[in-house]
Structure formats: structure tokens, C-alpha cells
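Here are some notes on backbone geometry and core packing, set out as numbered points for checking alongside the coordinates.

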Amino acid sequence: MKSGLLAKTILLGCLAMCSLALSGLSPAPDAPRRIEVSVKKFAYTPAEITVKKGEPVVLILTTEDVAHGLKFKELNLNAKVEKGKPSELAFTPDQAGDFVGHCSVFCGSGHGSMTFTLHVTE
Ligand SMILES: [Cu+2]
């Protein structure tokens, strides 16, 4: 009886340790995935990301120079970012596909060519 209990305690302890170790590696299922995106004339870094359909995501936008934006017309999403004021764009993609976002704040000659590609996988 006693050794059985001990074995059970060790097993539970091991499970707790393992899940702790795992939680350190990947966020909890419900925690949005936070992705930092740096913006400057006339590009986003990274310029594309891949997320899963149904996975809550937060894009944290920061600008290195002037005010910029990021707009996904098809997803009805738009964020503006000003220097020194990071902005967060939270969403959960509900359709798979490739979506191209554009800068939504006029920022100069290359403004029209600023694109950010969001790949959403099933
Ligand atoms: Cu712009």
C-alpha cells in the first residue's frame, strides 16, 4: 500500500514537473500568440507571418520612424502606430488563406508598396 502511494506521488510529481517544463516552452492554449512587428519606411519586419485558423493572435506594432498603419481590408482590421506608442492588433483568424495587409497611414513615396502578408493555415 505504502509503496503504491509513493509511486503515485512520484508519478504525479513527475507529471507536474513535465507540464511545467512544457508550459515554459509554449503558451497556454487560450493565451493569444504575441508577434512583434517592427515598421519603418517602407517595410514591415517580419514581412510575413503564418498563423493557424482559430488561433488568437496579437500583433504588436512598433514604428522606427514616422506613423504607419496596418490594414487588412478583407479581415476588417486596421491599426495605426505612432512613434513611441506601440499598438496592438488583436484578432482570431476565422478563415484560411493568404491576406495582404497594407500601410493605412500615408508615410511617403514608398507607402503604396508597403505590404505585410498573413498566412492562415487550417
Ligand atoms: Cu504608409
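**Notes on the predicted model**

1. The model is predicted, and the loop between strand 2 and strand 3 (48-52) is a suitable place to begin, since Pro46 is found there. The peptide bond that leads from Thr45 into Pro46 is cis, with omega near -5°.

2. A further cis peptide bond joins Lys41 and Phe42, where omega is about -5°. Phe42 belongs to the loop that connects strand 1 (33-40) with strand 2 (43-45). For context when inspecting both sites, most peptide bonds are trans.

3. Asn76 deserves a look at its backbone torsion, for its phi is near 60°, a positive value in a residue other than glycine. Asn76 sits in the loop between strand 5 (68-72) and strand 6 (77-81), and Asn76 counts as exposed because it has 8 C-beta neighbours inside 10 Å, the cut-off for that class being 12 or fewer.

4. Turning to the interior, the largest nonpolar core has 14 residues, of which Val37, Val39, Tyr44, Leu61, Leu70, Ala79 and Leu89 touch the most other members. Two or more residues come from each of strand 1, strand 4 (57-63), strand 6 and strand 9 (115-121), and strand 9 gives the most, with three residues. As a general background, nonpolar side chains in soluble globular proteins tend to be buried together.

5. Val39 can be followed in more detail: once its neighbours within four places in sequence are left aside, Val39 is in contact with Tyr44, Leu61, Thr62, Thr63, Glu64, His68 and Val81. Of these partners, Tyr44 and Leu61 are also listed with Val39 among the core residues that touch the most other members.

Key:
Residues numbered from 1 in each chain as written. Predicted model: local features only at pLDDT ≥ 70, side-chain atom pairs only at ≥ 80, totals over all residues. Helix = DSSP H or I, 4+ residues; strand = E, 2+ residues; numbered from the N terminus. Buried ≥ 20, exposed ≤ 12 C-beta atoms within 10 Å, placed from the backbone. Core = buried A, V, L, I, M, F, W, Y, C linked by C-beta atoms within 7 Å. Contact = placed C-beta atoms within 7 Å.
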